[in-house]
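Thanks for coming, everyone. I'll take you through one structure today. Please have a look at it before I start.

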Amino acid sequence: MYGPVPSRRLSQSLGIDIVPFKVCTLDCIYCQLGRTSEKTVERKEYAPINDVLAELKDRLETGLHPDFITISGSGEPTLHSRLADLITGIKNITDIPVAVITNGTLLFRQDVRADCAKADVVLPSLDAPDQQTFQRINRPHKDISIENVISGLAAFRNEFAGQIWLELFLIAGVNTNPGQIAKFKDVVKHIRPDKIHLNTAVRPTAEPGLQKLNQEKLRDIAKQLGKNCEVVADFSPRPCGKHNETKPEYLLSMLKRRPCSLNDICEALAISTGDALKSITQLQLRGLISSTEKDGLTFYHANPR
Ligand code: SF4
């Protein structure tokens, strides 16, 4: 469990990590967690769900009230074979909406669609409108093709009455030429998500040197993709309930999920710069976190386990 973390899409989100680092169907060049160590399509009970539910109950009993409980993972959460039981278990504990963040690659399977359909919001990603771009950006498991991914997303739309917020991660010069944008337009028309979120390489990525798109270019693409498309701007979080943790362990759990700037940390944990720096220094001295520069900003991240 990690967070609450600031999320540009889900405000304050308490994360449940249900697959180990880093088990995934893909090995995206922009992944904030680094390279995939186990590329697989095998579904298993990676984390015991009773333990996860007991921990969630404890955390919520402290008075924490995030905007969403978000199932994700240090990899792809739909690889967990008991995803449906987990969502049912969460709903027995709390009324807080449940979100699933997925790369969408297993939605061509009926069992995965049925599991995800128990959530309130599903946030799949789609970074390529064709096989060539898919190989280049997502480096998929050999059993996954972009046709499967797109048909799985469309099938899920037909079966799921909840919200689908589709994220397109755009990298300058990789998936943003006019031909690719035109194909994206056709694909999203076919999938019919409730919202389309445009994101770009703002944070440190698995492969160095990826170029982010500027706001103007993102806004232009958003316009082309339709009125339900928005640029996911930098998050603007608010303090989360009584949660005002300064414990280095909470900061570490947040940094295991994604790199954060000093400002991200202060806003997410509702703490002062001084307190944030104190926790950062403690974790650095223990060798648990490091920092990286990107576009003139310092990002802190957890060291690989
Ligand atoms: S970005 Fe997501 S889908 Fe891509 S490799 Fe990382 S964890 Fe897997």
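The domain bounds I'll use come from an automatic or database domain assignment. Keep in mind that this is a predicted model.

On that assignment, the protein chain splits in two: domain 1 covers 2-243, and domain 2 covers 257-305. Their centres, taken over C-alpha atoms, are 23 Å apart. How many residues does each domain bring to the contact? Domain 1 brings 12 residues and domain 2 brings 13. On the domain 1 side, strand β1, residues 2-7, gives the most, with 4 residues. That side of domain 1 has 8 nonpolar residues, 3 polar and 1 charged.

Now the ligand. Around it sit Cys24, Leu26, Asp27, Cys28, Cys31, Leu33, Thr36, Gly75, Glu76 and Asn103. By type, this shell has 5 nonpolar, 3 polar and 2 charged residues.

Next, the inside of the protein. The largest nonpolar core has 65 residues. Which residues have the most contacts inside it? They are Leu86, Ala99, Val100, Leu166, Leu168 and Leu198. Strand β8, residues 163-170, gives the most to this core, with 6 residues. Another core lies apart from it, with 17 residues, including Tyr2, Met254, Leu269 and Tyr300.

Take alanine 99 as an example of who touches whom. Leaving out residues up to four places away in sequence, alanine 99 touches Leu10, Phe68, Thr70, Ala119, Asp120, Val121 and Leu123.

On to the strands. Strand β2, residues 11-17, is mostly covered, with 6 of its 7 residues buried. β2 runs parallel to strand β5, residues 68-72, and 5 bridges join them. One pair to find on screen: leucine 14 has isoleucine 69 in β5 as its bridge partner.

For an antiparallel pair, go to β11, residues 289-294, and β12, residues 297-302. They pair over 6 bridges. Isoleucine 289 stands opposite alanine 302 in β12. β11 and β12 form a hairpin, with 2 residues between them. In the turn, aspartate 295 has a positive phi of about 50 degrees.

Now a residue in a helix. Glutamate 55 lies in helix α1, residues 49-61. Is glutamate 55 buried or exposed? Glutamate 55 is exposed, because 12 other C-beta atoms lie within 10 Å, and 12 or fewer counts as exposed. Isoleucine 16 is 39 residues from glutamate 55 in sequence, yet their C-alpha atoms are 9.7 Å apart in space.

Last, some backbone details. A cis peptide bond joins phenylalanine 21 and lysine 22, with omega of about -25 degrees. Lysine 22 is in the loop between β2 and β3.

Then two arginines. Arginine 139 is not a glycine, yet has a positive phi of about 40 degrees. Where is arginine 139? Look in the loop between α4, 131-138, and α5, 146-159. Arginine 139 counts as partly exposed, because 18 other C-beta atoms lie within 10 Å.

Arginine 192 also has a positive phi, of about 55 degrees, and is not a glycine. Arginine 192 lies in the loop between α6, 178-191, and β9, 195-200. With 13 other C-beta atoms within 10 Å, arginine 192 is partly exposed.

That's my tour. Over to you.

Key. Residues numbered from 1 in each chain as written. Predicted model: local features only at pLDDT ≥ 70, side-chain atom pairs only at ≥ 80, totals over all residues. Near = placed C-beta within 6 Å. Nonpolar A, V, L, I, M, F, W, Y, C, P; charged D, E, K, R; others polar. Contact = placed C-beta atoms within 7 Å. Buried ≥ 20, exposed ≤ 12 C-beta atoms within 10 Å, placed from the backbone. Pairing = 2+ DSSP bridges. Core = buried A, V, L, I, M, F, W, Y, C linked by C-beta atoms within 7 Å.
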